[in-house]
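Visitor: I'd like a quick tour of this protein, cysteines included. Can you walk me through what is on display?

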Amino acid sequence: SDTDNVCCTSPFLKKTFSDDWSRNDREEWGLRYLGECGEKRFIVERGLKIDLVKQGKDDLDVTSIVIDAERGEEKNKHPEQFECEEQSIVGELGAETQLCGTYQYNYERVKKITVTMGNEGTNDDVRVDICSDVDSLCCRAKLSTLLRDDWSRNDVEVWTESDLGECRGVEYQVASGLHLTLVKDGEDDLTVNKIKIETEDLEDSLTVYDCKGFTLPQRMGKNCTASRCQQGKLCSKQNQNDANLPTSRPSSQSDLTQSDLPQSNLPPGRPAGGLLAQAGFILGARTTTTTTMKTTTRTTRAPFFG
């Protein structure tokens, strides 16, 4: 663990009838090879720490180690992956302790939302649904203040993390971008020229996502019912080529249909305080090893509980 120094040590990873840790090789290790680490629980803030230990005098270069684990409790478990960078062991010297961060996505929290209004403002209630593009985590926040005229035409409005209510501090898994849905009740039309979301990851690095424009006319149609209009988009990293961005949701940069949009009964998401500040991490099940000329890659894959 990177928070409370809880550790485990696996047995030496070796098989009876195979040449393990060979160059240009790829190997898999099952749960039975991991010993006490197979079902170990960790509290994780930024990642898992690992030490690579080897017997004998041979040198060993490892390109990467990918650890698959699970977060959550019992029936509410979700897969999680951590990637460790290249490591080298010279002779009998061990490799340095390494912090392995999340693999192929980051955990990010929304710090600021900047809205550039068009020529149609509204006095109706306006909410935003912010969703991960990796898993099903979504959160809805009503953006309004008592002392100013919000969502006014031709205005530029800035909403900070403190304005996000229950969404404040939620950490989203982000691979390509965040999904944002604009939701409005009432009879006014609403035109937004541009929305930008600024996030901060676990390393305190800032990223800006461009959600483009939104148009919510108060009439029955693609984005509207009799009492509510909503429109959703994938917000891509600023200056990225939108067409090349993959997404796990129904659309990339195009509008989502009414049935695709998050509904009003949304969970508040994960609060601040680390990846699993309130839930343990479980390692487990299968390990994959890939070795190139001077390199070895390890993957530990967790069990999936139904």
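Guide: A disulfide here is a pair of cysteine sulfur atoms within 2.5 Å. This is a predicted model, where local features need pLDDT of at least 70, side-chain atom pairs count only at pLDDT 80 or more, and totals for chains, interfaces and linings use all residues. Residues are numbered from 1 along each chain as its sequence is written, and side-chain values use heavy atoms, leaving out hydrogens and water.

Visitor: Which residue does a disulfide join to Cys 211?

Guide: Look in the loop between E16 and strand E17 (214-216) for Cys 211; its partner sits in strand E18 (residues 228-237), 24 residues apart (strands are DSSP runs of at least two residues, numbered from the N terminus). Both cysteines are buried, meaning under 20% relative accessible area with a 1.4 Å probe, protein chains only. The S to S distance is 2.0 Å, and the partner is Cys 235.

Visitor: Is the link of Cys 139 and Cys 167 right-handed or left-handed?

Guide: That disulfide has an S to S distance of 2.1 Å. With -105° about the S-S bond, the link of Cys 139 and Cys 167 is left-handed.

Visitor: Where is confidence lowest in the protein?

Guide: pLDDT is the predictor's confidence in each residue, from 0 to 100, and the protein's mean is 76. Confidence is highest in strand E16 (residues 206-210), at 96, while the lowest mean, 34, belongs to strand E21 (residues 295-301).

Definitions and conventions: Helix = DSSP H or I, 4+ residues; strand = E, 2+ residues; numbered from the N terminus. Buried < 20%, exposed > 50% of the residue type's maximum accessible area, 1.4 Å probe, protein only.
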